[in-house]
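Trainee: I should like a close look at a single part of this model, with its strand pairings set out in order. Please begin with the term on which the description depends.

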Amino acid sequence: MSTPPLVFGTAGHVDHGKTSLVRALTGIDLDSLPEEKDRGITISLGFAPLRLPSGRLAGLVDVPGHERLVRTMVSGASGMDAVIFCVSAADGVMPQTREHLAILELLGVRKGIIVLTKMDLVDEELRELAVEDIQEQVRGSFLEGAPIVPTSTLSGAGLPELLAELDKIHPPPRDLRKAFRLPVDRAFARKGFGTVVTGTTWSGQLIDGNEVEIIPGHRKARVRGMQIHKSVAGLVTAGTRVALNLSGVEVSDVPRGSWICTPGSMPDSRVIDVRYQHLADAPELEGEPRVLVLLGTREGVARLVPLEGQALRPGNSVLAQLRFAMPFPCLAGDHFVIRRESPARTLGGGQVLDPFATVVRKAHAGEAVDLLERMEEGDQEAWLERGGPAGLSEAEVRARFGDPVGQRLGDRWFAVSVVEKHRQSLHQNLDRLHSQLPLTPSHNRKALRSGLLLALGEREYTSLVDEEVRASRIEAEGSRLRRPGFVVQLTEEQNSWITLVNRLLEAAAWEGVEHIREKAPAPDADALIFLQRERGLWEQVADRLYARPTLDRLKAEVLVWFDTHTELDPGAFKELFGLTRKTAIPLLEWLDAAGVTRRQGDVRVRR
């Protein structure tokens with residue numbers, strides 16, 4: 001195969017033979033730094049290819065065991081498919097043995113083999129005691145029942161058996177449709193190439209020449225070369241140990257802890273909702289303690305804020321928020337470890353639920369917990385509900401789910417329940433206007449966009465209204481809306497007032513009626529005038545009110561005029577209809593707007 005199908009990682013107490021075991025299995029000495037050789041312990045991550053008996057090529061990550069290097073250990077352990085858990089037969093279970101086991105549990109590692117190292121230093125009785133000690137320690141963990149392989153790197157005893165056990169491990173296939181992500185554990189400049197970064201790919205796949213994004217900061221770069229264990233590759237997939245040559249960036253742009261990913265796939269998170277597990281031997285914590293968070297190759301300081309209860313007690317599992325001062329990129333499902341800065345120790349860890357979170361106030365903690373519990377169960381509707389009344393863009397949805405889900409309005413996606421709330425708000429607004437303005441037969445679309453609907457963009461609001469119109473739940477007349485079957489009901493007094501005004505308008509003929517509210521006062525005169533205009537029975541021209549039939553006769557007579565004339569000047573128009581200039585000019589402008597005439601200099605011509 002051209003790419004490794006899996007990554008193994010070592011773990012265990014310092015000086016329990018991890019690096020010697022890697023050297024015996026691969027022939028590669030990973031203690032490359034002078035201080036490592038001098039002290040005989042690994043202080044940085046080491047990587048080597050491992051050929052299994054079946055011919056499969058795996059990546060092997062050697063992590064440091066010293067307590068002061070837990071951060072480096074977490075970086076290496078985060079990308080592994082299975083662990084080679086080393087315990088010295090001479091020393092047995094030690095403090096870092098327990099801590100590494102706890103960290104592996106927190107990071108979600110679920111496969112592994114236990115290696116009893118240095119068995120040449122002990123007799124059979126001590127070897128059996130060491131095995132019993134190990135079995136007791138791993139009881140209840142993912143390593144319970146795992147094979148225990150005694151080895152000696154000096155004699156080579158047990159190494160064939162170990163390789164055979166490793167070859168039996170087949171992790172589930174990774175989803176290559178997900179966004180490509182690689183946590184950077186090293187960046188350097190290589191003469192003639194430029195910037196090179198290394199890491200173990202977490203998800204997706206990458207083709208040489210693709211554009212990638214560096215998170216945090218969202219700086220773009222292009223891949224111009226890839227290597228897997230020093231062999232040139234055109235494609236890398238999840239679970240691969242890889243070196244990428246990047247163009248367009250400097251080494252300082254991609255420090256350790258950065259992510260190389262598909263553009264637009266990761267947020268610069270500062271608030272993260274998580275499921276947090278406080279270790280059984282960790283001290284009780286109160287308030288919002290300051291903690292060190294380790295995820296992939298990145299570390300950051302955050303406040304750990306429980307959303308359930310007031311204190312973090314040993315062994316407790318709670319929903320919580322991590323609030324960072326600096327960006328801490330991650331995605332849902334990522335595992336993390338939390339440590340206390342001083343005195344240094346591992347406190348617990350867990351899994352990211354929502355990297356797009358916002359600060360939850362205490363008054364809303366219960367609601368947040370309900371949503372997060374649903375999200376833990378895989379309820380995508382809960383994710384969309386968290387998007388709120390404004391919904392999520394397609395890019396935001398893809399970052400959460402891969403493929404768009406939910407209901408689309410305009411260019412955004414919403415939870416079905418959120419769309420229903422918008423729909424209810426639209427109908428409530430329309431009902432309210434019908435109630436408040438019973439003489440108005442329909443209402444402008446914009447007048448209905450209030451309250452919750454203000455969270456929608458223009459396209460989304462239009463899409464919602466159009467959907468309601470198509471479903472015949474709302475009737476539309478151009479840009480105006482009304483309840484299906486809504487008809488204005490007039491009282492006897494209102495009908496009498498309309499009759500009175502009709503008489504005044506008929507009597508006024510071409511002159512129209514000015515100050516109609518003074519000549520025919522009524523408490524709801526404005527609403528009735530608007531109603532008659534909406535019905536097409538009255539029309540306002542400048543400051544005068546006309547009966548629609550009067551204006552229709554005006555248009556007809558002007559058209560007759562043009563049967564025998566080519567133009568109509570204001571003087572002829574006044575004489576033709578017996579008008580004053582004050583009323584003639586507005587009517588001429590009205591004829592222009594009605595499409596009957598067109599102004600040409602000081603005269604009108606037929607349109």
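Mentor: Two strands count as paired if DSSP finds at least two bridges between them. The model is a predicted one, and the part I have chosen is strand β11, which spans residues 211-215. Four of the five residues in β11 are buried, so the strand is mostly covered, where buried means under 20% relative accessible area.

β11 has a pairing with strand β12, residues 219-228, in the antiparallel sense, and four bridges make up this pairing. Within it, E211 has R222 of β12 as its bridge partner. The two strands, β11 and β12, form a hairpin, and three residues lie between them. In that turn, G217 has a positive phi of about 105°.

β11 also pairs with strand β16, which covers residues 259-261. β11 and β16 run antiparallel and are joined by three bridges. Here I215 of β11 stands opposite W259 in β16. The description of β11 thus names a bridge partner for E211 in β12 and a residue opposite I215 in β16.

For reference, another antiparallel arrangement may be set beside this one. Strands β28, β30 and β29 make an open sheet of three strands, in the order β28-β30-β29. Its edge strands are β28 (443-444) and β29 (475-477), each of which pairs on one side only. Three bridges link β29 with β30, residues 480-482, again in the antiparallel sense, and E477 stands opposite R480 in β30.

Technical notes
Residues numbered from 1 in each chain as written. Predicted model: local features only at pLDDT ≥ 70, side-chain atom pairs only at ≥ 80, totals over all residues. Heavy atoms only, no water. Buried < 20%, exposed > 50% of the residue type's maximum accessible area, 1.4 Å probe, protein only.
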